[in-house]
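Got your viewer open? Let's take a walk through this one, a stop at a time.

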Amino acid sequence: MLPSPTRRTLLAAAASLAAASLAPLAARAQDARTAASGKITLAGWSKPISEITNILAEPDKGFFKAQGVELVYLPGAGGGDAIRNILSGQADVAFTDPGSFFMALDKGEKLRAIYDIYPRNVFNVVSLKSAGITRPADLKGKRIGVYSLASGTRQNLLVLLHQAGLTEADVEIVVTGVLNFAPLLQGQVDATAATDTGLLVGRRRGLGDVNVMNVADTLNVSSDLFVVREQILQPKQALLRSFLKAYRDSAAWMIAQPEEAATLAGKRAIDGTDRAINLEVIKLRNAASIASGGRPLGTIDLDSLQKAADVYRALGLVQQRIDVAAAVDASLLPAA
């Protein structure tokens, strides 16, 4: 039997109501997908070097693209430089060291740490055996190289100095750039502040016998964090969550596939000419990425970071007490 006009009218009305009710849901889903995708400019502390191959491999691996993120890497000259680049609006996320983060907070900047990149302290101070520098107190009156005045090498050097009762005024700090072992070998500096990867490369290139003071023996805290301005947290929440998911995927790939990463470093990193060195550097960074206790990649240890902030204040490197819990937002971390 054919439906009556009344039945046809009712069916049409029901269909219209169903479509109308589904339309907002579809629109909201589309809006959510749109909010979770877009461009993120990452302000780095360095040029595109092999230890960040997981970021540089984006054209080859597409971890960020898979999450709807268009990644742009903005090189820098130290963690402080990365902070300045987000404060000026040139970048969305800073790849920076805790010291630079603390110092910016101390100046009243509204920042939040959202991901712990390297939970272990990888900084050191290196000198030739002939210099007789075996403890922080021996640095008094010496010329010490740092990557830049805005770098984690300088911040961690200051921690060592202050632990020995010294200040920056007790030494001569010399900016040498990232490849700072040549000035050490040439006698332009008596010691140089570096990282584990920098020391590895220096040794592979003939550094010889050296004394190494690891800052982790004094303050074993995260080496680098992702930091954002507080004001972009809400409007870019979904996009930042996609960025962190992509970064964690890229870090997990480099941990699982160091050989492939070493090969790609030769293609993408400015210092990637020696594949064997690339592999060693990548393995060191992989080790630094893994937190103790089996915590998921990126997890921020609030207690450890608070201890570091308190040490910076006790040493006079920051003036105000920093409430780390208030300066960290862990809500964007992807599920393990």
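Before you select anything: two strands count as paired here if DSSP finds at least two bridges between them. Keep in mind, too, that this is a predicted model.

**Stop 1: the whole chain.** Start zoomed out, in cartoon view. You have 13 helices and 10 strands to look at. Of the 336 residues in the protein, 51% are buried. Among contacts between residues at least 6 apart in sequence, 79% link residues at least 24 apart.

**Stop 2: the sheet.** Now pick out strands E2, E1, E3, E10 and E4, which sit in that order in an open sheet of 5 strands with mixed pairing. Go to the edges next: E2 (69–74) and E4 (111–118) each have a single partner strand, so each has one side without a neighbour in the sheet. Averaged over the sheet and ignoring direction, neighbouring strands are turned by 25° against each other.

**Stop 3: E1 beside E2.** Select residues 38–43 to get E1, which runs parallel to E2 and is joined to it by 6 bridges. For one of these pairings, show Ala-43 and look for its bridge partner in E2, Leu-74.

**Stop 4: helices across the sheet.** Colour residues 98–106 for helix H6. H6 lies across E3 (93–96), E4 and E10 (224–229), and it runs at about 175° to E4. Then colour 237–256 for helix H10, which lies across E1, E2, E3, E4 and E10, at about 65° to E1.

**Stop 5: a helix pair.** Hide the sheet and show 196–204 (helix H9) with 275–289 (helix H12). Their axes are 9 Å apart and the helices pack at an angle of about 155°. Angles over 145 degrees count as roughly antiparallel, so that is how H9 and H12 run relative to each other. Their crossing is right-handed.

Turn on side chains where they meet. From H9 you want Asp-196, Thr-197, Leu-200, Val-201 and Arg-204; from H12, Ala-276, Ile-277, Glu-280, Val-281, Leu-284 and Arg-285. Sorted by type, the contact residues come out as 6 nonpolar, 1 polar and 4 charged.

**Stop 6: Thr-197.** Centre on this residue of H9. Is Thr-197 buried or exposed? Its relative accessible area is 3%, and the cut-off for buried is under 20%, so Thr-197 counts as buried. What is Thr-197 in contact with, leaving aside neighbours within four places in sequence? Select Glu-51, Val-281, Leu-284 and Arg-285, and you have its contacts on display.

Terms used: Residues numbered from 1 in each chain as written. Predicted model: local features only at pLDDT ≥ 70, side-chain atom pairs only at ≥ 80, totals over all residues. Heavy atoms only, no water. Axes fitted to C-alpha atoms, helices over the stretch in contact; angles between N-to-C directions. Helix = DSSP H or I, 4+ residues; strand = E, 2+ residues; numbered from the N terminus. Parallel < 35°, antiparallel > 145°, perpendicular 65-115°, else oblique. Left-handed = near helix turned anticlockwise from the far one by under 90°. Contact = heavy atoms within 4.5 Å. Nonpolar A, V, L, I, M, F, W, Y, C, P; charged D, E, K, R; others polar. Buried < 20%, exposed > 50% of the residue type's maximum accessible area, 1.4 Å probe, protein only.
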